[in-house]
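Reader: I should like to work through this structure step by step, with the reasoning set out in full. May we begin with a single residue and then widen the view?

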2 protein chains.
Amino acid sequence: MSKKILIIGGVAGGASAAARARRLDETAEIIILERGPHISFANCGLPYHISGEIELREALLLQTPESFKKRFNVDVRVQNEVLAINKEEKFIHIQNTLTNEKYTETYDVLILSPGASPFIPPISGINNHLTHSLRNIPDMDAIMASIEQNKPLHATVCGGGFIGLEMAEALRHHKIDVTLVELAPQVMAPVDIEIANMLHDELEAHHVELKLGKALKEVALCEETDRTLSLTLNDGTQFQTELLIIAVGVKPETSLAMKAGLEIGELGGIRVDESMRTSDPSIFAVGDAIETLDFVTGQAMLAPLAGPANRQGRLAANVIFGTTESYKKTQGTAICKVFGLAVASTGLNEKTLMRKGMAYEKVYVHAASHAGYYPGAHPVTLKLLFNPYTGAILGAQAVGKEGIDKRIDIISVAQRAGLSVFDLQDLELCYAPPFGSARDVVNQAGLVASNVMKGDEFIFHTESLNCLSEQQILLDVRTEAEVDKMGMIPGAINIPVDELRSNLFKLDQSKDIFVYCQVGVRGHVAARLLTNLGYTVKNMTGGFKTWKLVTR
Amino acid sequence: MSKKILIIGGVAGGASAAARARRLDETAEIIILERGPHISFANCGLPYHISGEIELREALLLQTPESFKKRFNVDVRVQNEVLAINKEEKFIHIQNTLTNEKYTETYDVLILSPGASPFIPPISGINNHLTHSLRNIPDMDAIMASIEQNKPLHATVCGGGFIGLEMAEALRHHKIDVTLVELAPQVMAPVDIEIANMLHDELEAHHVELKLGKALKEVALCEETDRTLSLTLNDGTQFQTELLIIAVGVKPETSLAMKAGLEIGELGGIRVDESMRTSDPSIFAVGDAIETLDFVTGQAMLAPLAGPANRQGRLAANVIFGTTESYKKTQGTAICKVFGLAVASTGLNEKTLMRKGMAYEKVYVHAASHAGYYPGAHPVTLKLLFNPYTGAILGAQAVGKEGIDKRIDIISVAQRAGLSVFDLQDLELCYAPPFGSARDVVNQAGLVASNVMKGDEFIFHTESLNCLSEQQILLDVRTEAEVDKMGMIPGAINIPVDELRSNLFKLDQSKDIFVYCQVGVRGHVAARLLTNLGYTVKNMTGGFKTWKLVTR
């Protein structure tokens, strides 16, 4: 008997499931029910069409119901909204939103891929024609129409996550002044604040006004013109704007699942097992609507990302057709372009490690994206978090102009494979001057972390500077020229590393020496020298450059 | 008692060993003896200074004897050639090549890092002032002086490896016509010929004349002008050239080691154990002069690469100061820029697997470097070799304009970590439209290979096309437009994949179906469809695009 498979939601996870199911079985009846007007569109490309970088709107429509029917013999019904699931009798209630006709479909297997919807905070006045969120093609069309018709000179983006940042950049492409309001003290929550501080500089350099640690409290449409909003923030600030983008986050679409009595997890996503099966054995769920397990902690997480959604959709189809397979947890590897910078991360960040009370150590490396002597090299700033007892990789973050995706991908693979920081030292990575260095940024991070693990180097962090005592000397080992140009950390004395051997008399051996240089390399040389001579020494990981980021 | 460490050779491995040794011990006496005039120079940057891309010659001089002395208190003696090692009495004979003074130095530990020297084939007439090899700064200076003084209109590069290709490009930067002579039927030996064929196209597009499968047999200096060479190849071809670069490979510098009676391996490199120790317990050797073990086969290999050299130098110092550490074998990960393309590889290639009689399967993926709808995406061609019984990764090769280093790095890490092709499917890689795809090239290669492993797809290769019988149908499932534009493989019939279901009557079920499309994806869809309907089907991995590369 051939199976009848209904799939609710026709974007990443749903479309993947449908295509894989068909490839596994030619006779199954497969129906996709999609509330919106499109299936399988390039969700992640929406801001780039708004910016104009992706010229053709059609480029975003990866599949149409017709093309999907032809290729996979799948019955795709767009603008068909599922109203309810009767899981006991295995059928669903559907409404065609064009004709308003209601009907039912039975199923053998149901796959839920409803996605996540933008969270719209309950702010007074927020429902108006100048306020938009961005989840799908109609949202995009509406924003573009608003720009086209109203020609706003100023726009406000509420939320500094992926979509918020991409929208801020897209609006700047139209030469629109942009104010970015973010409740947290930083944009881009997946990275820690010192890494985000590089983004703050980049955003301001591109004339995005930042209002960090602020929340939108009230929105009022100016009735005369109908083209201006007056915004009030929680600190009382008021300003006018002509376009408001709400991008404060997404929440799993669980209304159908909840109504049907499927189990919902503690984070508000549909609960599934490692085969993507919900609490009902005939119903699977995939994509942004579900909770998966965090790769590092094994705890529930929400990961609204395209890669996992596609993998989960395929996996559900495999399981439905008899494979035993299990989803391999989520690291949350992600990247975002922010004007000239890329910022990426994998695994856990320091904020999360602190919140969970997990033991961790961190090292920073600032090194060139490729051999410094070959033109076009840019610094890569990498933060590596690891377990100080085992060397296990807990997470990594990187920011820079070039080669950011590569470094985080490498660490993501290493983490997934269970490699430790010791292994990062020895990774054999592509090297020729245009592409890398004989000792890549990732190798360097592995070397520094391994030194720390083995006790070859004791490190300290910016945080320790607040409590240095008279018994401690803060030693800057950069050149005089660097110190003159960039300044020193207050309280430091300067002895360049290359003059250290002849200036030892200046360092009281009874005191603890806290060394730093520009990025940490010369600090390490100095720390080793002094350690070998019997001093008690710590080196500041990431050096002055990290200090500048932390104290921005 | 503090140790006295002598290091012969002051570039990658030697300099790394010296710096690490000093960081581990402040009291050791460390002397570097370097035959040439420079230490720690950017070997890999030489062709790019010749091309003019690296403007300043000084940019290549990473350290000077003075800077190294100041930083690391290491006594660096350039232009000091070691003549012999007396390993019984632990001293070496040295000659200062400037003063011709001879002297000896004793050692507690000796580290050999003499590198590899260009192999100069014994060709009649090859010793002349217009013929150069490129290993160090003086070689580079000589080539640049020759270009400057003689203003050659035509140059010949003998050898299509890394240096040969980089030199061909460098010479084209000077608008010099270039002929490249290579004994093998392909350039870039680390990759297989179909991958190299993309380089052949790129080289010819940039007006490098290729003479593949040809050897230089005779060189004659034109006595009148003293500025022209007459070259004769082994097929009798003769042509004139004004500059000849010999870049046919390097051989380990083992003369000192051999004279001292140290063990030499079967491939002609110094034999060391996993701690970098030679057959004499007080002598270590690192870098291009040694044999290491191949990561895949565990057999001896020569890997003249900067990354391994640096790691080995550091490791030797660690061992000398008491750490138990072992070198983790060599994958040979490498990359080369060839005009607008990058080509990279890790692990074993197909040629080597065949030669060694090892079981392997291969898949090809041609996919966009990042989301196809975002501007600037270029195809990445990836060849993945794996063990057909275990799924172990044996090797990978990639070529394209963008993102080549990243893909090979990812696979290199996966291979080193012992991941299989199944794991490649699920790697969580950075995705945003400017950087990748929700299903990256590497994920795709993992999916295809896993399908093959699980029997979800039977594949065939171009090689099989030569022996198709009447019992077999070759089915092209591309669109008519593609077929019209690009042609078909001889003997094929065309039914576009989207019209397959309505044209099944054209396919005799008693025959075997060999399917192909442009890159393999639609072929897979068609193959699954037909398989599910009871046909016996194979899909051509990499499709028509691979066929074009193989049959170039």
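Author: Certainly. The model is a predicted one, and A:R35 makes a suitable start, being partly exposed with a relative accessible area of 38%.

Reader: With which residue does the side chain of A:R35 meet in a salt bridge?

Author: Side chains of opposite charge can pair when their charged atoms come close. For A:R35, the N to O distance in the salt bridge is 3.7 Å. The pair links distant parts of the chain, 46 residues apart: A:R35 belongs to the loop between strand 2 (29-34) and helix 2 (46-50) of chain A, and its partner to strand 4 (residues 80-86). That partner is A:E81.

Reader: Is A:E81 buried, exposed or partly exposed?

Author: Buried requires under 20% relative accessible area and exposed requires over 50%. The relative accessible area of A:E81 is 26%, so by these cut-offs the residue is partly exposed.

Reader: Which residue of chain B meets A:D409 in a salt bridge?

Author: In this salt bridge the N to O distance is 3.9 Å. The pair crosses between chains, from helix 10 (residues 404-416) of chain A to helix 10 (residues 404-416) of chain B. A:D409 has 1% relative accessibility and counts as buried, and its partner also counts as buried, at 4%. The partner is B:K406.

Reader: Is B:E88, which forms a salt bridge with B:K87, buried or exposed?

Author: The closest N and O atoms of B:K87 and B:E88 are 3.4 Å apart. The relative accessible area of B:E88 is 61%. Because a value over 50% counts as exposed, B:E88 is exposed.

Reader: How many salt bridges does a search of the whole structure find?

Author: Some salt bridges are linked in a network, as with A:D192, A:E194, A:E350, A:K362, A:K383 and A:E463. Chain A itself has 53 positive and 65 negative side chains. Over all chains, the search finds a total of 62 salt bridges.

Reader: What is the radius of gyration of chain A, and why does it agree with a compact globule?

Author: The C-alpha trace of chain A spans about 90 × 65 × 40 Å along its principal axes. Of the 552 residues, 60% count as buried. A compact globule with 552 residues would have a radius of gyration near 24 Å, and the value for chain A agrees with this: 27 Å.

Reader: How many helices and strands does chain A have?

Author: Helix 10 and strand 4 have already been named. The full secondary structure of chain A comes to 15 helices and 31 strands.

Technical notes. Residues numbered from 1 in each chain as written. Chains lettered and ligands numbered in written order. Predicted model: local features only at pLDDT ≥ 70, side-chain atom pairs only at ≥ 80, totals over all residues. Heavy atoms only, no water. Helix = DSSP H or I, 4+ residues; strand = E, 2+ residues; numbered from the N terminus. Rg over C-alpha atoms; globule rule 2.2 N^0.38 Å. Buried < 20%, exposed > 50% of the residue type's maximum accessible area, 1.4 Å probe, protein only. Lys, Arg positive; Asp, Glu negative; His and termini not counted. Charge placed at Lys NZ, Arg CZ, Asp CG, Glu CD. Salt bridge = Lys/Arg side-chain N within 4 Å of Asp/Glu carboxyl O.
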